[in-house]
Amino acid sequence: MYSGKIFKLHLCIAYTFIISKPITMDKLEKLALMDKILRELDDLKNSQTSVLKKLSQIEVDNINLGAALLEKKLPDLHEEVDSSVSIVTTLFDEFQEYRDKFYTDNKLGDAQDPTVKV
């Protein structure tokens, strides 16, 4: 195994190498990452929509139960989750526009089509 000093030296060298090496992504890698983020935002929106549906079901079930605690707290929770769904939906739409502009501005349709001459 490494002694403490050698291990620290290796960590220092690795840290310096990682920090000093600029991380660059080509345009296609950036586009792929943007597409991944869009999928994750869509998944987040779907998850929050599912939470909203479950909250609505609890509210409906509580109509029969009549628990005052739920009657008091659920509307606030419903409003918060609904607001969150709206924020994620707006962010998704705006990021989709950002991604599409990046795609167009960088002529990535040409880069993905091997028959197009640059």
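Here are some numbered notes on this predicted model, going from the overall fold to a few individual residues.

1. Let's start with the overall layout. The protein chain has 4 helices and 0 strands, and its elements run α-α-α-α from the N terminus on. Two of these helices will come up again and again below: helix 2, which covers residues 27-65, and helix 3, which covers residues 68-105.

2. A few totals help to set the scene. The protein chain has 118 residues, of which 14% count as buried. About 9,600 Å² of the chain is exposed, and carbon and sulfur atoms supply 61% of that area. Among contacts with a separation of 6 or more, 71% are between residues 24 or more positions apart.

3. Which residues make up the largest nonpolar core? There are 8 in all: Leu31, Met34, Leu38, Leu41, Phe92, Phe95, Phe102 and Leu108. Helix 2 and helix 3 are the elements that give two or more residues to this core, and helix 2 gives the most, with 4 residues. As a general point, nonpolar side chains tend to be buried together in soluble globular proteins.

4. Leu41 is a good place to look at this core in more detail. Leaving aside residues up to four places away in sequence, Leu41 touches Val88, Leu91, Phe92 and Phe95. Of these partners, Phe92 and Phe95 are listed in the core along with Leu41. A second, separate core has 5 residues, including Leu55, Leu74, Val81 and Val85.

5. Arg99 deserves a careful look. This arginine lies in helix 3 and counts as buried because its relative accessibility is 13%, below the 20% cut-off. Leaving aside residues up to four places away in sequence, Arg99 touches Leu31, Met34, Asp35 and Leu38. Three of those names, Leu31, Met34 and Leu38, also appear in the largest nonpolar core, so do have a look at this spot in the viewer.

6. What does Arg99 pair with? The side chains of Arg99 and Asp100 meet in a salt bridge, with an N to O distance of 3.3 Å. Asp100 counts as partly exposed because its relative accessibility is 33%, whereas Arg99 is buried at 13%. As a general point, side chains of opposite charge can pair when their charged atoms come close.

7. Further along helix 3, the side chains of Asp105 and Lys101 meet in a salt bridge at 2.5 Å, N to O. Asp105 and Lys101 are 4 residues apart in helix 3, so about one helical turn separates them. Asp105 is partly exposed, with a relative accessible area of 45%, while Lys101 is exposed at 52%. Elsewhere, salt bridges that share partners join Asp35, Arg99 and Asp100 into one network.

8. Helix 2 has a salt bridge as well. Lys45 pairs with Asp42, and their closest N and O atoms are 3.8 Å apart. The two residues are 3 apart in helix 2, so they too are separated by about one helical turn. Asp42 counts as partly exposed because its relative accessibility is 28%. The full count of salt bridges comes to 5.

9. On the outside, Met25, Leu33 and Ile37 make a nonpolar surface patch of about 210 Å². Leu33 lies in helix 2 and counts as partly exposed because its relative accessibility is 37%.

10. Ile58 is another helix 2 residue to note. At 38% relative accessibility, Ile58 counts as partly exposed. Ile58 and Leu70 are 12 residues apart along the chain, and their C-alpha atoms are separated by 8.7 Å.

11. Where is Lys107 found? Lys107 sits in the loop between helix 3 and helix 4, the latter covering 108-112. Most residues other than glycine have a negative phi. Lys107 has a positive phi of about 50 degrees although it is not a glycine, and this lysine is exposed, with a relative accessible area of 56%. That backbone angle is one to check by eye when you go through the loop.

Notes
Residues are numbered from 1 along each chain as its sequence is written. This is a predicted model: local features need pLDDT of at least 70, side-chain atom pairs count only at pLDDT 80 or more; totals for chains, interfaces and linings use all residues. Side-chain values use heavy atoms; hydrogens and water are left out. Buried means under 20% relative accessible area, exposed over 50%, partly exposed in between (1.4 Å probe, protein chains only). Contact means heavy atoms within 4.5 Å. A salt bridge is a side-chain nitrogen of Lys or Arg within 4 Å of a carboxyl oxygen of Asp or Glu. Patches are made of residues with over 30% relative accessible area and no salt bridge: like charges are joined within 9 Å, nonpolar side chains (Val, Leu, Ile, Met, Phe, Trp, Tyr) within 5 Å. Accessible areas come from the Shrake-Rupley method with a 1.4 Å probe; for residues, only the protein chains shown count as cover. A nonpolar core is a set of buried Ala, Val, Leu, Ile, Met, Phe, Trp, Tyr and Cys residues joined through side-chain atoms within 4.5 Å.
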